Amino acid sequence: MIIVGLTGGIGSGKSTVAGLLVQRGAVLIDADQVAREVVEPGRPAYRKVVERFGGALVTPDGSLDRAALAAIVFEDPDALAELNSIVHPEVRAEIAGRLESLSASSQVVVLDIPLLVEGDSGDSYGLAGVIVVDAPLDLVLDRLVEGRKMDRSDVEARIASQANRTERLARADFVILNSGTLEELEETAGHAWDWIGSLGNRDIGGDG
């Protein structure tokens with residue numbers, strides 16, 4: 001098994017790259033998706049979040065109103081730290097369990113960790129290397145404001161809360177610059193796939 005970290009700022013195209021690597025045969029573990037799962041009703045983190053932030057966050061179907069929760073914590077660093085202290089241990093335990101279930105395989109596992117640079121270094125997962133998806137700031141703003149119709153001030157606040165490009169690139173073992181066409185991104189993802197194979201000194205196939 002080869003475990004590779006994947007990260008990138010909001011609007012970088014990281015999710016597209018993750019999908020391209022899955023097409024080539026990787027198994028994807030998405031830390032954001034795991035974070036959503038660990039706060040589902042019946043999970044320990046769900047109860048702790050409701051106890052800390054209030055039952056008003058519970059929707060009629062019993063799930064958490066994630067947008068309302070995000071609005072609370074992104075305005076209050078202390079509240080965000082408390083939320084992370086509840087959710088992150090559960091996420092790490094879930095990811096560790098999934099990796100353990102794959103440990104005897106020859107799979108390439110792509111571990112998508114949005115905050116790999118900001119906090120979760122990924123060191124505890126035995127990463128063989130880290131791929132950073134990068135894009136110029138003006139292009140990111142255009143994608144999010146014009147493409148996704150997000151509020152510009154919200155986008156700028158989210159970008160400011162993340163590591164800057166220099167910090168993120170310093171953590172990279174392989175950089176995917178996503179500033180061109182989808183075809184160019186697909187080609188670079190192929191090069192990344194070949195690089196992943198080199199980490200295990202073996203041919204992992206695919207069309208890259």
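In this predicted model, Glu37 is buried, having a relative accessible area of 19%, a value that falls under the 20% below which a residue is counted as buried. Its salt-bridge partner is Arg98, and the closest N and O atoms of the pair are 2.5 Å apart. Because Glu37 belongs to helix α2 (residues 31-37) and Arg98 to helix α5 (residues 77-102), the pair ties together parts that are 61 residues apart in sequence. Arg98, with a relative accessibility of 26%, counts as partly exposed. Side chains of opposite charge can pair when their charged atoms come close.

The pair of Glu37 and Arg98 belongs to a wider set, since a search of the whole structure finds nine salt bridges. Another of these is formed by Arg52 and Glu82, for which the closest N and O atoms are 2.6 Å apart. Here Arg52 lies in helix α3 and Glu82 in helix α5, so that this pair ties together parts that are 30 residues apart in sequence. Arg52 is partly exposed, with a relative accessible area of 35%, and Glu82 is likewise partly exposed, with a relative accessible area of 34%. Through salt bridges that share partners, Glu37, Arg43, Glu94 and Arg98 are joined into one network.

A salt bridge is also found within a single helix, where Arg47 pairs with Glu51 and the closest N and O atoms are 3.4 Å apart. Both residues lie in helix α3 (residues 44-53), and they are four residues apart, which corresponds to about one turn of the helix. Arg47 is partly exposed, with a relative accessible area of 44%, whereas Glu51, at 56% relative accessibility, counts as exposed.

The packing of two further helices was also examined. Helix α1 (residues 14-23) and helix α9 (residues 182-199) pack at an angle of about 55°, and their axes are 10 Å apart. An angle between 35 and 65 degrees is neither roughly parallel nor roughly perpendicular, and α1 and α9 are therefore oblique to each other. The crossing of these two helices, α1 and α9, is right-handed. On the side of α1, the contact is made by Thr16, Val17, Leu20 and Leu21, which meet Leu182, Leu185, Glu186, Ala189 and Trp193 in α9. When these residues are sorted by class, the contact of α1 with α9 has seven nonpolar residues, one polar residue and one charged residue.

Technical notes:
Residues are numbered from 1 along each chain as its sequence is written. This is a predicted model: local features need pLDDT of at least 70, side-chain atom pairs count only at pLDDT 80 or more; totals for chains, interfaces and linings use all residues. Side-chain values use heavy atoms; hydrogens and water are left out. Axes are lines fitted to C-alpha atoms, for helices over the stretch in contact, and angles run from 0 to 180 degrees between N-to-C directions. Angles under 35 degrees count as roughly parallel, over 145 as roughly antiparallel, 65 to 115 as roughly perpendicular and the rest as oblique. A crossing is left-handed if the near helix is turned anticlockwise from the far one by less than a right angle, and right-handed if clockwise. Contact means heavy atoms within 4.5 Å. Ala, Val, Leu, Ile, Met, Phe, Trp, Tyr, Cys and Pro count as nonpolar, Asp, Glu, Lys and Arg as charged, and the others, Gly among them, as polar. A salt bridge is a side-chain nitrogen of Lys or Arg within 4 Å of a carboxyl oxygen of Asp or Glu. Buried means under 20% relative accessible area, exposed over 50%, partly exposed in between (1.4 Å probe, protein chains only).
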